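Colleague: I would like to go through this model before I set anything up. Can you take my questions one by one?

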Amino acid sequence: MRFDRIKEKLEILADAAKYDVSCSSSGSKRSNKNKGLGNSDGMGICHSYTPDGRCVSLLKILLTNHCIFDCAYCVTRRSNDIKRAAFKVQEVVDLTINFYRRNYIEGLFLSSGIFKNADFTMERLIQVAKKLRLEENFNGYIHLKSIPGASDELMREAGLYADRLSVNIEIPTVSGLKKLAPEKDHSDFIKPMNKVKNEIIQYNSEKKLIKSTPKYAPAGQSTQMIVGVSGESDREIMLSANYYYKNYNMKRVYYSGYVPISNDPRLPSLGSQVPMLRENRLYQTDWLMRFYGFDVNELLNQQFPNLDVEVDPKLSWALRNQHQFPVDVNSAEKEMLLRIPGVGLKSVHKILQARKFRKLNYDHLKAIGVALNRARYFIICDGRGWEKQDLSASRIKSLILRNSAGKFRKEYSSQLSLF
Ligand code: SF4
């Protein structure tokens with residue numbers, strides 16, 4: 001193996017992979033002190049979470065950044081004048097094992113541009129996972145990208161070696177996809193997603209009857225949408241996410257603020273800010289839908305198609321629904337406690353436990369971890385009257401923003417760089 005050539009490929013293909021946010025973070029640094037292969041130097045190592053909640057370091061790379069497609073939003077698009085490279089299957093296997101043995105990583109995140117066609121590329125991704133599992137006896141975490149348009153047979157095989165599969169929908173609406181990636185068809189994404197969903201259901205039910213049934217994509221499937229590239233409202237993005245959660249059993253939908261990478265009249269111009277704060281609000285909305293019992297139409301609707309960037313979506317909803325408050329924390333149902341701004345899942349659990357033994361007051365709530373700077377406008381506690389009932393929504397919002405200036409203003413004023 002020529003180390004200098006491998007290192008160059010690693011630089012190119014780890015850099016190209018950073019635009020995929022299906023791993024939770026990028027940028028771990030581990031230097032190799034033995035002059036051998038594997039000086040990651042921050043390249044290609046990211047973090048993700050296993051189904052049991054463990055945070056794992058992954059080698060995050062593309063198999064190749066050659067691509068026959070020309071999707072406007074993608075750095076790897078055919079017409080972009082960039083350095084290209086491709087790993088051989090064995091090179092990815094060797095890199096993974098070398099990094100793994102040096103304790104740099106606990107798994108592999110492998111995506112790819114599409115060379116020749118979807119099946120040709122998918123076959124090579126599967127070969128990497130298969131070799132790792134069967135020849136190297138590798139038991140680490142493997143996340144494989146499903147190539148849009150790949151055959152059912154290949155998707156079935158991929159799930160037998162990968163822990164997680166993901167096909168990135170990228171553009172939340174069919175019309176947006178047509179505009180920015182006219183060579184692609186919406187069904188190219190749906191077909192592999194559907195296959196993976198059905199295989200997971202089938203393998204899980206067989207496993208209940210026959211213990212020796214192999215696992216199929218035990219960490220499920222995920223997808224990613226790019227935010228701020230095709231003019232969709234937050235409502236359209238979240239309706240789309242909701243659709244994929246409900247119809248394809250997605251474990252996660254990731255939202256990736258668009259990073260301007262090329263001059264194209266259909267896209268935000270070079271130098272435009274990455275919509276980091278909007279991305280954050282979408283993640284908060286996603287959380288409210290999945291864990292707090294909110295329906296997407298409560299948070300976003302025709303009158304309110306975009307999230308308020310100044311305050312979190314739960315507070316924004318509460319300000320628009322003041323008639324549902326105050327909530328008595330000593331007697332309210334769990335469903336309503338979850339809707340109080342400043343009260344998180346853990347706090348709700350603690351409130352439900354603690355109030356079995358005593359009537360809770362504001363000191364108790366503070367000790368539990370409730371953010372009283374927000375919650376106090378929406379609760380009754382320990383028999384104390386609701387003093388804020390005459391305040392308008394806009395007045396409450398301005399008081400909260402003023403009193404939590406450190407947190408909200410900082411978040412609001414600065415756009416972070418994405419990587
Ligand atoms: S097919 Fe995938 S890798 Fe190729 S240009 Fe489109 S988004 Fe990029």
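**Questions on the model**

Modeller: Start with Pro218, which is partly exposed at a relative accessible area of 41%. Keep in mind that this is a predicted model.

Colleague: Where does Pro218 sit, and how far is Pro218 from Ile200 in space, C-alpha to C-alpha?

Modeller: Pro218 belongs to the loop between helix 6 and strand 7. Pro218 and Ile200 are 18 residues apart in sequence. In space, their C-alpha atoms are apart by 7.9 Å.

Colleague: Is Ala217 buried or exposed?

Modeller: Ala217 lies in the loop between helix 6 and strand 7. Its phi is near 35 degrees, a positive value in a residue other than glycine. The relative accessible area of Ala217 is 2%. Buried means under 20%, so Ala217 counts as buried.

Colleague: Which class does Asn194 fall in, buried, partly exposed or exposed?

Modeller: Asn194 is found in helix 6, residues 186-209. Its C-alpha lies 9.9 Å from that of Met155, with the two positions 39 residues apart in sequence. The relative accessibility of Asn194 is 30%. The partly exposed class runs between 20% and 50%, so Asn194 is partly exposed.

Colleague: Now the strands. Which residue in strand 5 stands opposite Phe109?

Modeller: Strand 3 (residues 55-62) and strand 4 (residues 107-111) run parallel, joined by five bridges. There, Lys60 stands opposite Phe109 in strand 4. Strand 4 is also joined to strand 5, in parallel, by four bridges. On that side, the residue opposite Phe109 is His143.

Colleague: How many residues of strand 5 are buried?

Modeller: Strand 5 covers residues 141-145. Tyr141, His143 and Lys145 point one way, Ile142 and Leu144 the other, and all are buried. The strand is mostly covered, and the buried count is five of five.

Colleague: And how many residues of strand 3 are buried?

Modeller: Strand 3 spans residues 55-62 and is mostly covered. Of its eight residues, the number buried is seven.

Colleague: What is the bridge partner of Met225 in strand 8?

Modeller: Strand 7 pairs with strand 6 (residues 164-166) in the parallel sense over two bridges. In that pair, Ser166 has Ser222 as its partner in strand 7. Strand 7 also pairs with strand 8, again parallel, over six bridges. In strand 8, the partner of Met225 is Tyr255.

Colleague: Which residues of strand 7 point the opposite way from Gln221, Thr223, Met225 and Val227?

Modeller: Strand 7 is mostly covered, with seven of its seven residues buried. Gln221, Thr223, Met225 and Val227 take one side. The other way point Ser222, Gln224 and Ile226.

Colleague: On to the interior. How much space lies in the largest cavity?

Modeller: The structure holds one cavity of 30 Å³ or more. The elements giving two or more residues to the lining of the largest cavity are helix 1 (3-17), strand 7 (221-227) and strand 8 (252-257). The space in the largest cavity is about 590 Å³.

Colleague: Which residues lie nearest the centre of the largest cavity?

Modeller: The lining holds 35 residues. By class, these are 20 nonpolar, nine polar and six charged. Nearest the centre lie Asp20, Tyr73, Cys74, Asn168 and Glu170.

Colleague: Is Glu170 buried or exposed?

Modeller: Glu170 is found in the loop between strand 6 and helix 5 (174-180). Its phi is positive, about 65 degrees, although it is not a glycine. The relative accessible area of Glu170 is 15%. The limit for buried is under 20%, so Glu170 is buried.

Colleague: Where does the ligand sit, and which residues are around the ligand?

Modeller: The ligand sits in the largest cavity. The shell around the ligand has six nonpolar, one polar and two charged residues. Its members are Cys67, Phe69, Cys71, Tyr73, Cys74, Arg77, Gly113, Ile114 and Lys184.

Colleague: Last one. Which residue does a cis peptide bond join to Phe325?

Modeller: Look in the loop between helix 10 (313-320) and strand 9 (327-328). Omega of the cis bond is about 5 degrees. The residue joined to Phe325 is Pro326.

Notes: Residues numbered from 1 in each chain as written. Predicted model: local features only at pLDDT ≥ 70, side-chain atom pairs only at ≥ 80, totals over all residues. Heavy atoms only, no water. 1 Å grid on protein atoms, 1.4 Å probe; cavity = no way out; pocket = protein on both sides within 12 Å on 5 of 7 lines; lining within 4 Å. Points joined across faces, edges and corners; volume = space filled by probe spheres on them. Nonpolar A, V, L, I, M, F, W, Y, C, P; charged D, E, K, R; others polar. Near = heavy atom within 4 Å. Sits in = over half its atoms within 2 Å of the grid points. Buried < 20%, exposed > 50% of the residue type's maximum accessible area, 1.4 Å probe, protein only. Pairing = 2+ DSSP bridges.
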